[in-house]
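Q: Please take a close look at the interior of this protein. How are its rings and other nonpolar side chains arranged, and what can be said about its pocket and its charged pairs?

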Amino acid sequence: MMRIKSSIPSLRTALVLTLCTLVNVAFFTSCGPSVDHIRKLERIEGYWEMQNGEKKIVEYWKKVSTDGYSGGSFIINGNDTTVLELLKIITEKDDLYYIPTVFGQNKNKPVKFRLSSYTDTSYTFRNPTHDFPDSITYYLHEQDSLIAVISGKGRKSRFGYHRVK
């Protein structure tokens with residue numbers, strides 16, 4: 001995990017978002033033709049927040065090409081900000097992939113999850129060879145609500161976010 005300290009929370013948040021976006025854009029590669037369901041993901045774009053006690057968890061997404069999105073997540077706890085992961089959703093050979101790079105896991109290397117099912121309001125990505133999670137689902141039922149569910153090996157965690165931008 002990467003820790004950034006600042007006495008000014010809004011400056012710290014802006015620095016973290018800028019750093020994560022620059023790193024993600026620098027490593028983002030468009031890997032093939034776009035598919036119809038990438039356009040339906042437009043609602044995921046923006047900044048999403050979830051309060052967890054004293055901590056605020058932020059996930060953000062930005063469309064970086066016609067074939068994909070770049071994003072990340074971090075935790076704000078008082079004056080500490082910890083970057084959790086960098087995220088990508090890309091098309092590759094007519095398939096859609098969710099690719100997280102989680103700091104402190106998988107030797108800090110990206111892991112691919114292939115789109116296995118989708119509706120107008122949900123997307124499920126799977127990687128049966130990954131230990132945990134092996135399934136990640138995003139629900140976009142309401143305009144300002146994002147629910148992420150990670151599951152596998154008999155465990156399940158749900159993260160409910162609300163849109164802030």
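A: The answer begins with the nonpolar core, follows the rings within the protein, and then turns to the pocket and the salt bridges.

This is a predicted model, in which local features need pLDDT of at least 70 and side-chain atom pairs count only at pLDDT 80 or more, while totals for chains, interfaces and linings use all residues. Residues are numbered from 1 along each chain as its sequence is written, and side-chain values use heavy atoms, with hydrogens and water left out.

In soluble globular proteins, nonpolar side chains tend to be buried together. A nonpolar core is a set of buried Ala, Val, Leu, Ile, Met, Phe, Trp, Tyr and Cys residues joined through side-chain atoms within 4.5 Å. Buried means under 20% relative accessible area, exposed over 50%, and partly exposed in between, for a 1.4 Å probe and protein chains only. The largest core here has 26 residues, and those that touch the most other members are Leu41, Ile44, Trp61, Ile89, Leu96, Tyr98 and Tyr138. Strand 10 (residues 145-152) supplies the largest share of this core, three residues. Strands (E, at least two residues) and helices (H or I, at least four) are DSSP runs, numbered from the N terminus.

Tyr98 also takes part in ring pairs. Rings of Phe, Tyr and Trp (its six-membered ring) pair if their centres lie within 6.5 Å; planes under 30 degrees apart count as stacked, over 60 as edge-to-face and the rest as tilted. The structure holds eight such aromatic pairs. In one of them, Tyr98 meets Phe113 edge-to-face, with 6.3 Å from centre to centre and 70 degrees between the planes. This pair links distant parts of the chain, since Tyr98 is in strand 6 and Phe113 in strand 7 (residues 113-118), 15 residues apart. Both of these residues, Tyr98 and Phe113, are buried. The pair of Tyr98 and Phe125 is tilted because the ring centres are 5.6 Å apart and the planes lie at 35 degrees. Phe125 belongs to strand 8 (residues 122-126) and Tyr98 to strand 6, so this pair ties together parts that are 27 residues apart in sequence. Phe125, like Tyr98, is buried. Ring pairs link Trp61, Tyr98, Phe113, Phe125 and Tyr138 into a cluster.

Next comes the pocket. On a 1 Å grid over the protein atoms alone, a pocket is an open set of points where a 1.4 Å probe fits, with protein on both sides within 12 Å along at least five of seven lines; lining residues have an atom within 4 Å of a point. The largest pocket has a volume of about 540 Å³, a volume being the space filled by probe spheres set on the points. Of its 24 lining residues, Leu84, Glu85, Val102, Ile150 and Phe159 are the closest to its centre. The lining divides into 16 nonpolar, five polar and three charged residues.

Finally, the search of the whole structure finds five salt bridges, each a side-chain nitrogen of Lys or Arg within 4 Å of a carboxyl oxygen of Asp or Glu. In one of them, Lys63 pairs with Glu42, the closest N and O atoms being 3.8 Å apart. Lys63 lies in strand 3 (residues 55-65) and Glu42 in the loop between helix 2 (36-40) and strand 2 (46-52), 21 residues apart. Lys63 counts as partly exposed because its relative accessibility is 27%, and Glu42 counts as partly exposed at 45%. Lys56 forms a salt bridge with Glu49, also with 3.8 Å between the closest N and O atoms. Glu49 counts as buried because its relative accessibility is 17%.

Notes. Nonpolar A, V, L, I, M, F, W, Y, C, P; charged D, E, K, R; others polar.
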